[in-house]
Amino acid sequence: RIESMLGTSLPPGCHISVRMGDILKQSRYDPSRVFNFPAPERRRNTKIDLYQHIGTCSVPVDEETTKLITEVNVNSSEPTHAGMRLKVKIDSNAAGPPKPSRKDRVSAV
């Protein structure tokens with residue numbers, strides 16, 4: 001469990017990321033949340049990062065989208081980030097070979 005100390009607090013909407021070795025877990029901060037990791041085989045450092053959510057946007061992509069350049073509006077509840085826009089470039093040919101499905105990866109183990 002990870003919780004802020006008495007006399008301190010994390011901002012509303014804060015997200016937390018916990019990485020131990022190759023395993024990464026992320027979620028919205030909740031002091032009652034428990035992050036479970038396998039027992040380490042040797043001594044490891046655990047990295048904890050805190051993030052503040054700024055905004056969100058959607059880009060429609062389907063299996064036929066091979067190249068796309070578009071601009072999107074970011075929806076933000078923070079007035080300091082009102083009107084933020086992103087330019088998104090997608091080139092599926094530059095991504096390399098497709099990643100095997102989860103089912104294929106699990107069955108290979």
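Which residues line the largest pocket? I'll come to that in a moment. One caution before we start: this is a predicted model.

So, the pocket. The lining consists of Met20, Gly21, Asp22, Ile23, Pro38, Ala39, Pro40, Glu41, Arg42 and Arg44. Its volume is about 190 Å³. By character, the lining residues split into five nonpolar, four charged and one polar.

Now the sheet. It is open and has three strands, ordered β2-β1-β3, with antiparallel pairing. β2, residues 23–28, and β3, residues 46–52, are the edge strands, and each of them pairs on one side only. On average, neighbouring strands in this sheet are turned by 15° against each other, ignoring direction.

Look at β1 next. This strand covers residues 14–20, and seven bridges connect it to β3. The two run antiparallel. Methionine 20 stands opposite threonine 46 in β3. You have met Met20 already: it is among the residues lining the largest pocket. Ile23 is in that lining too, and β2 begins at residue 23.

On to the rings. How many aromatic pairs are there? The count comes to zero. What sits over the rings, then, is charge. Take lysine 25: its charged end sits over the ring of phenylalanine 37, 4.9 Å from the centre. Then arginine 33: it lies over the face of phenylalanine 35, and here the distance to the ring centre is 4.7 Å.

To recap: an open sheet of three strands, a largest pocket of about 190 Å³, and zero aromatic pairs. Thanks, everyone.

How values were computed: Residues numbered from 1 in each chain as written. Predicted model: local features only at pLDDT ≥ 70, side-chain atom pairs only at ≥ 80, totals over all residues. Heavy atoms only, no water. Phe/Tyr/Trp six-rings, centres within 6.5 Å; stacked < 30°, edge-to-face > 60°. Lys NZ or Arg CZ within 6 Å of the ring centre and 35° of its normal. Pairing = 2+ DSSP bridges. Helix = DSSP H or I, 4+ residues; strand = E, 2+ residues; numbered from the N terminus. Axes fitted to C-alpha atoms, helices over the stretch in contact; angles between N-to-C directions. 1 Å grid on protein atoms, 1.4 Å probe; cavity = no way out; pocket = protein on both sides within 12 Å on 5 of 7 lines; lining within 4 Å. Points joined across faces, edges and corners; volume = space filled by probe spheres on them. Nonpolar A, V, L, I, M, F, W, Y, C, P; charged D, E, K, R; others polar.
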